[in-house]
Amino acid sequence: MDHFVYRPDRHDGGDHVAMHCEQLPAEEIARLAGTPCYVYSKATLLEHYQRLTAAFAPLAPLVCYSIKSCGNLSICKLLGEAGAGMDVVSGGELYRALAAGVPASRCVYAGVGKTDAEIEQALDAGLGASGLGLFNVESEEEFENIARIARRKNAVCNAALRVNPDVDPKTHRYTSTGKKESKFGVDIERAKAFFRRFGRDPHCRLCGIHLHIGSPIYTTQPYVESVQKATALIDELAAEGFTITTLDLGGGFGADYETDQSPTLAAYADAIVPLLAARVLRGLKIILEPGRTLVANAGVLLTRVLYIKTSGEKTFAICDAGMNDLLRPSLYQAFHFIWPCRTTASFAPARRAKDMAIDGLLPIDVVGPICESGDFFAVDRPLPPLRRGDLLAIYTAGAYGMAMASRYNSTPLPAEVLVDGSTLAIVRKRESYEDLIAHERSPEPVVTG
Ligand code: LLP
């Protein structure tokens, strides 16, 4: 599954185990990079990418990594060098993709609120002009705006219409995007009218259908339903003379926050490939936009226990990472497996689960230092007895971890490190206090008329 594993601790008589990322002990990484820090495993990331491309090989998809899940330049570069394109949703993400060396011809650009400046930036970069790159258009007004700007620049770009297939992905309501009431895309019933109105525009050429119904989606059925609706739409559009060359299936494949929680990538592919294989042979191009499934288990957050505190019936482990570093437990009540990086062999975790069924665990709240009661990673979580100074790993943190981190309570953003075998690179420096205030140093008076 990944390369975060417990091995006998060589510095001990054999009674302890230590968590390693690839060949490096977590304690060593924490010593070199400090805490809190995000640790990514290169081997895990690339294995996930290879597993995805192998599973979907019959569709020969362009895999556009969803930058929003983890935008670190080194992560984007690794995937770009492996052949991935990028799914971007802002000018900043496009800037990252290009900085990572990924050409705009391999970028798809979604997002409900593209500004004029962002559209110009993407057109100037050549997005949608060649290759499989596309603007994924989310509304009638947005289409008109892209077409207007392209016309003014005498540019031509390809675009897909994001349709909302009204399928329930059965995920958290904050990350469910494919139902009728969502702000994303255009209701599928409106799609034909959309093509009739805009489908012959010479500057913004509508040639694709885009889907993204939610994240994470732990069953294959919502994909089957939405692909069936999309292919029916493609046929109806063809009957009206519109040629759809590209179907972008979006992202949303699950990740194992608990061992074996998610269908395998092969299982998603087994459900999806038969629906599309014949069309691909006839020339349809497929795009996938995975984020979480590639990077979630390629990363952990390391944090040091600052204090143990009891309060009434409760025991708290107060850590140096907080909701500012990893927001998912606070925002979505998301489960992240947490375990001490060095523990006795009897506590070595054979799997990752809410219920570990190991004798001697004690319930504890794992919390951060932020001044909010919502600042927690786990509540009443059975864990091996913890002490001040212990190093904890918060697992499956590679996706939407650092990407959603903030400086709340004036906490500098944490470091990010990339491990490759027994070598480590700091791929994002820990911010300094000076970084916190750098943009406030010299207020610039703006004179108004
Ligand atoms: N494509 C589009 C258009 C998206 O909006 C997203 C995610 C993806 C692809 C990638 O989805 P993935 O393969 O990573 O599931 N912050 C939330 C997740 C929000 C997902 C937003 N869109 C979380 O931490 O769970």
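**Exercise 1. Polar contacts of the ligand**

Determine which polar backbone atom lies 2.9 Å from an oxygen atom of the ligand, and then collect further polar contacts made by side chains.

*Solution.* In this predicted model, the backbone partner belongs to Gly291, whose polar atom is 2.9 Å from a ligand oxygen. Turning to side chains, an N or O atom of Arg328 is found 2.6 Å from an oxygen atom of the ligand, while a nitrogen atom of the ligand has a polar side-chain atom of Asp87 at 3.3 Å. Each of these distances is then compared with the cut-off for a polar contact, a pair of N or O atoms within 3.5 Å. As for burial, the ligand on its own has 590 Å² of accessible area, of which the protein covers 91%.

**Exercise 2. The surroundings of the ligand**

Establish where the ligand sits and how the residues of its shell divide by character.

*Solution.* The ligand occupies the largest pocket. Around the ligand there are 18 residues, and the closest are Ser215, Glu289, Arg328, Tyr332 and Tyr400. Sorted by character, the shell contains 8 polar, 6 charged and 4 nonpolar residues.

**Exercise 3. An aromatic pair**

Classify the geometry of the pair formed by Phe194 and Phe198, and locate both residues in the secondary structure.

*Solution.* The count of aromatic pairs comes to 12. For Phe194 and Phe198, the ring centres are 5.0 Å apart and the planes make an angle of 65°. Because planes over 60 degrees apart count as edge-to-face, the pair of Phe194 and Phe198 is edge-to-face. Both residues belong to helix H7, which spans residues 191-198, and they are separated by 4 residues, about one turn of the helix.

Technical notes: Residues are numbered from 1 along each chain as its sequence is written. This is a predicted model: local features need pLDDT of at least 70, side-chain atom pairs count only at pLDDT 80 or more; totals for chains, interfaces and linings use all residues. Side-chain values use heavy atoms; hydrogens and water are left out. A residue is near a molecule or strand if one of its heavy atoms lies within 4 Å of it. A polar contact is a pair of N or O atoms within 3.5 Å; within protein, one must be able to donate a hydrogen and the other to accept it, and residues adjacent in sequence count only if both atoms are side-chain atoms. Accessible areas come from the Shrake-Rupley method with a 1.4 Å probe; for residues, only the protein chains shown count as cover. On a 1 Å grid over the protein atoms alone, a cavity is a set of points where a 1.4 Å probe fits but cannot get out, and a pocket is an open set with protein on both sides within 12 Å along at least five of seven lines; lining residues have an atom within 4 Å of a point. A molecule sits in a cavity or pocket if more than half of its atoms lie within 2 Å of its grid points. Ala, Val, Leu, Ile, Met, Phe, Trp, Tyr, Cys and Pro count as nonpolar, Asp, Glu, Lys and Arg as charged, and the others, Gly among them, as polar. Rings of Phe, Tyr and Trp (its six-membered ring) pair if their centres lie within 6.5 Å; planes under 30 degrees apart count as stacked, over 60 as edge-to-face and the rest as tilted. Helices (H or I, at least four residues) and strands (E, at least two) are DSSP runs, numbered from the N terminus.
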